[in-house]
Amino acid sequence: MLLRPRILIFSLALLFSALAQIVMSATESLYWLHPWALAPGFYVLCRLNPKQAAFAGWIMGFVANLGIFYWVPQTATIFGNLPYVLSIGVLGLLAASMGLGLALFGWGLGFIRRASRSFWPFAAAAWFVACEFITPQLFPYQHGISLHHIPEIFLVVSVTGIYGLSFQIILCNLILVAIFENYRGISRLNHRVWLGSIAAVVAMLAVDLSVSSWQEARIHAAEAKASALRVAIVQPNLGILDRRKLGPKGVAQAHVRQSQESLASDPEIDIFVWGEGVLRKVPQHPENAVVSDFLKAVQRELWTGGRGRDVTEDGRRRRYNSAYILDEDGVRGRYDKIRLLPFGEYIPFADSLPILYRLPITSNFSPGAQITAFDSSNTVSVAFLICYEAILREFVRTGLPSKTNLIVNLTYDAWFGDTSAPAQHLMMAAARSAELGIPMVRAAATGISAFVDARGVITQRANAFEKKTLVAEVRPLRVPTFYGAVGDWFAWSATVVAILMLALGFFQSRKT
């Protein structure tokens, strides 16, 4: 009989920590919960054997990811033309797979504690980072991203990457678990270890503040030297049905009209930025004549998404999801999206199984070759990232050419509907600017369009499903960062240490 209340309490603790992860994410972004709200769930994992802890960790991760990515069925149905029932299954598989990281953490937690003894919160935090780092994620949402609202701390990612903040967040939660265990008489805290742990947390916070202040000063100095461009982001709020109703020509005309209106109220605009896939035909197509006429009349530059086409040497036609730099003389540069989304933009294994081409997908694009930094007529070395590409940490870090001083993220995001997904997308994209010291301009047809400075701070944004033109001065620059040069050194270091401690704890348990 005593077992049932314990199961109920443990279940409520796991549920609390799972639900807390949902509201810590965008749009609620209750980041102040993060240093303590995972502690109840972690306490439960510490009370279970490895198999039980693995299952409990998976449940906590599964519930959390169900809530964070609740928008997947709607997106899969609209974007990939999947039946809604199958789309719900996609969400279930996604949440189940993304819960494996917490399952792995729960399984190894007891071994880590055995090996590290009084210092177990530090070793366990490293183990959590290792699990977050090595577990494949379709949508790479690391825990440390929640602190992007606090640039005074967040800029430490320019040295450690996001995983440095994930470590500190998890460490705070685990120290709270250790304090509670001491209070309950489960595991006594060594006085020196206790004081040392608190001192270590304070020291890490001091490092966060110092590094962030140093990086802020470097960015401020670079901004003072950089030339300013006046950039207009055109967000026409044309949803899926609107685009179908207007057709390719009508969509282009709607963007031109809104651009003309913004130029009339602000003649100093240098560059217009439109979202992903605005030009449904290649720029030279007669249906895009209104765009060519507009650029010839205003003598401005346009950065926009569109369709690209090529013919290979063997005569095969290829279609691309592309980004263009256009001016009065025509195309000045084209980037073809590299990381395509399965079923929405291409069919996996279709070349081997041609029957798959009969699936009713939205598009069937070919991937591009590499990210290119284009020297625009306004002395900018701009690199385009289309939609999902901007949230891929290592793809962006290694793919951006060294001369890039402005990132332009073109996206559509109407597929997500009125959900938290556009805000999550923006939050993860903005982290790239903080990591690499490069500002970002983000244009989304239905939102959320935004200007992001080199600190990762969103300086101006439009709301989702709002017709608006954002105009701001952008200073293209690149402040080289340690993370940009070295990559995930912190995550790799934590992984090596954690695996060593895990192995030690595992073999110690086998001897007893």
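## Exercises on two sheets, a buried threonine and the cavities

The second largest cavity is lined by S118, P121, I175, A178, L189, V193, W194 and S197. The model is predicted: local features need pLDDT of at least 70, side-chain atom pairs count only at pLDDT 80 or more, and totals for chains, interfaces and linings use all residues. Residues are numbered from 1 along each chain as its sequence is written, and side-chain values use heavy atoms, with hydrogens and water left out.

### Exercise 1. The cavities

Task: Describe the second largest cavity, then the largest cavity.

Solution.

Step 1. Fix the terms. A cavity is a set of points, on a 1 Å grid over the protein atoms alone, where a 1.4 Å probe fits but cannot get out; lining residues have an atom within 4 Å of a point. Points are joined across faces, edges and corners, and a volume is the space filled by probe spheres set on them.

Step 2. Count. The structure holds three cavities of 30 Å³ or more.

Step 3. Take the second largest cavity. Its space is about 60 Å³. Helices α10 (162-184) and α11 (191-225) each supply at least two lining residues. Helix α11 gives the most, with three residues. Helices here are DSSP runs of H or I with at least four residues, strands are runs of E with at least two, and both are numbered from the N terminus.

Step 4. Classify that lining. It has six nonpolar, two polar and no charged residues. Ala, Val, Leu, Ile, Met, Phe, Trp, Tyr, Cys and Pro count as nonpolar, Asp, Glu, Lys and Arg as charged, and the others, Gly among them, as polar.

Step 5. Turn to the largest cavity. It holds about 220 Å³ of space. Of its 14 lining residues, N65, M98, E132, Q137 and H143 are the closest to the centre. Helices α3 (50-68), α6 (100-116) and α7 (120-134) each supply at least two residues of this lining. The classes are six nonpolar, seven polar and one charged.

### Exercise 2. The sheet that holds β1

Task: Give the strand order of the sheet with edge strands β5 and β12, and place helix α12.

Solution.

Step 1. Read the order. Six strands form an open sheet, β5-β4-β3-β2-β1-β12, with mixed pairing. Two strands pair if DSSP finds at least two bridges between them.

Step 2. Find the edges. β5 (330-336) and β12 (468-474) each pair on one side only.

Step 3. Check one pair. β1 (residues 229-235) runs antiparallel to β12 over seven bridges. V234 stands opposite T469 in β12.

Step 4. Add the helix. α12 (residues 240-265) packs on the sheet and touches β1, β2 (271-273) and β12; its direction makes about 140° with that of β1. Contact means heavy atoms within 4.5 Å. Axes are lines fitted to C-alpha atoms, for helices over the stretch in contact, and angles run from 0 to 180 degrees between N-to-C directions.

### Exercise 3. The sheet that holds β8

Task: Do likewise for the sheet with edge strands β6 and β11.

Solution.

Step 1. The order is β6-β7-β8-β9-β10-β11, in an open sheet of six strands with mixed pairing.

Step 2. β6 (373-375) and β11 (458-461) are the edge strands. The twist averages 20° from one strand to the next.

Step 3. β8 (residues 406-411) and β9 (residues 440-444) run parallel, joined by five bridges. N409 stands opposite R442 in β9.

### Exercise 4. T304

Task: Is T304 buried or exposed?

Solution.

Step 1. T304 lies in strand β3 (residues 301-311).

Step 2. T304 counts as buried because its relative accessibility is 0%. Buried means under 20% relative accessible area, exposed over 50%, partly exposed in between (1.4 Å probe, protein chains only).

Step 3. Leaving out residues up to four places away in sequence, T304 touches W274, G275, V278, L279, S322, A323, Y324, L326 and L410.

Key: On a 1 Å grid over the protein atoms alone, a cavity is a set of points where a 1.4 Å probe fits but cannot get out, and a pocket is an open set with protein on both sides within 12 Å along at least five of seven lines; lining residues have an atom within 4 Å of a point.
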